[in-house]
Amino acid sequence: MRTQIAIIGAGPAGLLLSHLLHLQGIESVVLESRSRADIESTIRAGVLEQGTMDILTEAGVGERMRSEGALHRGIELAFDGARHRIDLAELTGKAITVYAQHEVIKDLVAARLAAQGTLLFEVSEVALHGVETSQPSVTFSHNGEECRLEADFIIGCDGYHGVSRPAMPEQHLRKNFQRIYPFGWFGILVESAPSSDELIYAQHERGFALVSTRSPTVQRLYFQCDPGDHTDKWSDDRIWAELHARLENHDGWKLKEGRIFQKNIIGMRSFVSTPMQAGRLFLAGDAAHIVPPTGAKGMNLAVSDVRLLARGLEQFYRQGSEELLNGYSEAALKRIWRAEYFSWTMTRLLHTFADATPFEREMQRAELENIVSSRALATSLAENYVGAF
Ligand code: RFL
Ligand code: PHB
């Protein structure tokens with residue numbers, strides 16, 4: 001089998017790249033290790049930046065996002081018993097849309113299949129070959145058959161646990177940067193009406209909590225937990241007691257309860273692997289970098305990576321120039337490091353660190369006070385949150 005671009009992974013990065021390339025007349029094959037049903041039901045991100053919405057719209061896959069997603073013009077920061085609104089729209093002229101990642105995946109899969117794109121699910125034993133030659137290839141098993149896919153380029157969009165990053169040749173002076181946080185997020189999906197019109201990011205001595213949403217009838221809530229904890233140790237009553245304690249104060253606002261139908265715990269890390277290119281192999285999205293979810297940046301970064309790659313590949317095929325492709329890593333990393341900084345800042349600002357001294361706790365509170373009482377600082381947070389850079 002031969003194609004122009006072999007894409008490993010059908011997450012937001014791989015699927016969107018394949019679709020953007022198709023719109024430029026460039027052929028690709030996407031190899032995915034999981035089933036279609038699995039990728040279309042895995043619960044992950046929820047917040048789309050304006051720039052992400054624009055790309056999905058331009059690519060012709062934004063219709064359902066615009067009709068079913070919820071446009072949010074602000075967020076709330078809660079601490080010390082009070083809530084403070086950050087008016088994203090007024091401060092930046094931009095807003096965000098809350099639309100679940102697996103819905104974006106469904107829209108992209110439907111668009112690829114409607115365009116007769118080749119998307120192979122449930123592949124296994126994926127291995128990369130000749131990435132430093134002009135004829136790289138990928139071998140894999142599919143439906144019990146051993147297959148080889150030859151391509152001009154391989155793009156690793158296979159997430160943090162994929163095979164592409166480890167296939168980057170050692171001699172490329174690779175550098176990894178990492179921070180693992182001493183806490184995780186306990187996430188739940190709840191059947192209820194929204195408790196709030198906007199997302200609430202709450203700092204509390206018992207730990208961080210976040211009120212998000214998925215639809216008028218399904219809500220997404222998170223609270224800081226021990227990363228080694230287990231969901232079966234948390235009864236529904238215990239979860240609600242913890243959320244009420246962290247989120248409610250004396251202003252009369254109440255968190256709405258409902259049937260909890262999914263519980264999961266995720267670890268939190270910051271990670272960047274550079275460079276993002278070795279010969280004919282490029283990495284995009286979580287395969288190259290991870291942010292803690294506090295800044296809601298991961299999927300947005302994956303989208304901006306593949307937009308850069310799509311432009312570079314288009315230049316290669318139209319003009320025979322590798323200029324943009326060779327500048328990809330540097331260009332992508334500029335934005336990635338800013339998002340890493342913002343995600344780390346939000347994480348540091350809003351979580352309870354068990355080893356923080358009383359002095360450090362006061363500094364954290366003072367920083368929050370500064371943000372909500374200074375238009376300049378609130379604007380900076382808002383610009384980063386909506387991705388206005
Ligand atoms: P993905 O989504 O991990 O997709 C990788 C795909 O590759 C497949 N794969 C392989 N396929 C073939 N061969 C192999 N050897 C393979 N190994 C893996 C996998 O099955 C998978 O389908 O990476 P991608 O495309 O780079 O997208 C990244 C985003 O998924 C991620 O950054 C976001 O989910 C992060 N994130 C958020 N990002 C936002 O922009 N806004 C948010 O509000 C937001 N909230 C979140 C989040 C992530 C969370 N979790 C679960 C970590 C909230 C949470 C709780
Ligand atoms: C979500 O709705 O899943 C979500 C929202 C905001 C975040 C992270 C996750 O910062």
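The shell around ligand 2 is made of eight nonpolar, three polar and three charged residues. This is a predicted model, so everything below describes computed geometry. In total, 14 residues surround the ligand, and Y201, S212, R214, Y222 and P293 are the closest of them. If you want to find this site from the secondary structure, look for three strands: β14 (199-202), β15 (209-213) and β16 (218-225) each supply at least two residues of the shell.

Let us look at the polar contacts of ligand 2. The side chain of Y222 places a polar atom 2.6 Å from an oxygen atom of the ligand. Y201 also takes part through its side chain, where an N or O atom is 2.8 Å from an oxygen atom of ligand 2. With P293 it is the backbone that takes part: one of its polar backbone atoms is 2.8 Å from a ligand oxygen. How much of the accessible area of ligand 2 does the protein cover? Of the 280 Å² that the ligand has on its own, 97% is covered.

Now move to ligand 1, which is surrounded by 33 residues. The closest are E32, R44, Q101, D286 and M299. By class, this shell has 17 nonpolar, ten polar and six charged residues. Both side chains and backbone appear among the polar contacts here. R34 contributes an N or O atom of its side chain, 2.9 Å from an oxygen atom of ligand 1. G46 uses a backbone N or O atom, which lies 3.1 Å from an oxygen atom of the ligand. A polar backbone atom of M299 is 2.7 Å from a ligand oxygen. Ligand 1 has 1000 Å² of accessible area on its own, and the protein covers 87% of that area. Two elements give two or more residues to the shell, namely α1 and α8 (298-319). Which of the elements provides the largest share of the shell around ligand 1? That is α8, with four residues.

Since α1 has just come up, it is a good place to stop next. This helix runs over residues 12-23, and its twelve residues should span 16 Å at 1.5 Å a residue; the end C-alpha atoms are indeed 16 Å apart, so the length agrees with the expected one. Is α1 mostly covered or mostly open to its surroundings? It is mostly covered, with ten of its twelve residues buried. The buried set consists of P12, A13, G14, L15, L16, L17, S18, H19, L20 and L21. Just after the helix, G25 takes a positive phi of about 80°.

A second helix worth following is α10, which has 23 residues (328-350). From first to last C-alpha, α10 reaches 33 Å, close to the 33 Å expected at 1.5 Å a residue. Trace along α10 and you will come to a kink of about 25°, centred on K334.

Back towards the N terminus, T3 sits in the segment before β1 (5-8). Why does T3 count as buried? Its relative accessibility is 2%, and the cut-off for buried is under 20%, so T3 falls in that class. The side chain of T3 also makes a polar contact with the side chain of E27, at 3.3 Å.

Finally, a few backbone details deserve a look. Most residues other than glycine have a negative phi, and most peptide bonds are trans. Q116 has a positive phi near 60° and is not a glycine. Q116 is placed in the loop between α6 (101-114) and β8 (118-120). With a relative accessibility of 69%, against a cut-off of over 50%, Q116 counts as exposed. E122 is another residue other than glycine with a positive phi, here about 55°. You will find E122 in the loop between β8 and β9 (124-129), and at 53% relative accessibility E122 counts as exposed. Where is the cis peptide bond with omega near -15°? It runs from T274 to P275, and P275 lies in the loop between β17 (259-274) and β18 (277-278).

How values were computed:
Residues are numbered from 1 along each chain as its sequence is written. Chains are lettered from A and ligands numbered from 1 in the order in which they are written. This is a predicted model: local features need pLDDT of at least 70, side-chain atom pairs count only at pLDDT 80 or more; totals for chains, interfaces and linings use all residues. Side-chain values use heavy atoms; hydrogens and water are left out. A residue is near a molecule or strand if one of its heavy atoms lies within 4 Å of it. A polar contact is a pair of N or O atoms within 3.5 Å; within protein, one must be able to donate a hydrogen and the other to accept it, and residues adjacent in sequence count only if both atoms are side-chain atoms. Accessible areas come from the Shrake-Rupley method with a 1.4 Å probe; for residues, only the protein chains shown count as cover. Ala, Val, Leu, Ile, Met, Phe, Trp, Tyr, Cys and Pro count as nonpolar, Asp, Glu, Lys and Arg as charged, and the others, Gly among them, as polar. The expected span of a helix is 1.5 Å times one less than its number of residues. Buried means under 20% relative accessible area, exposed over 50%, partly exposed in between (1.4 Å probe, protein chains only). The bend at a residue is the angle between axes fitted to the seven residues ending there and the seven starting there.
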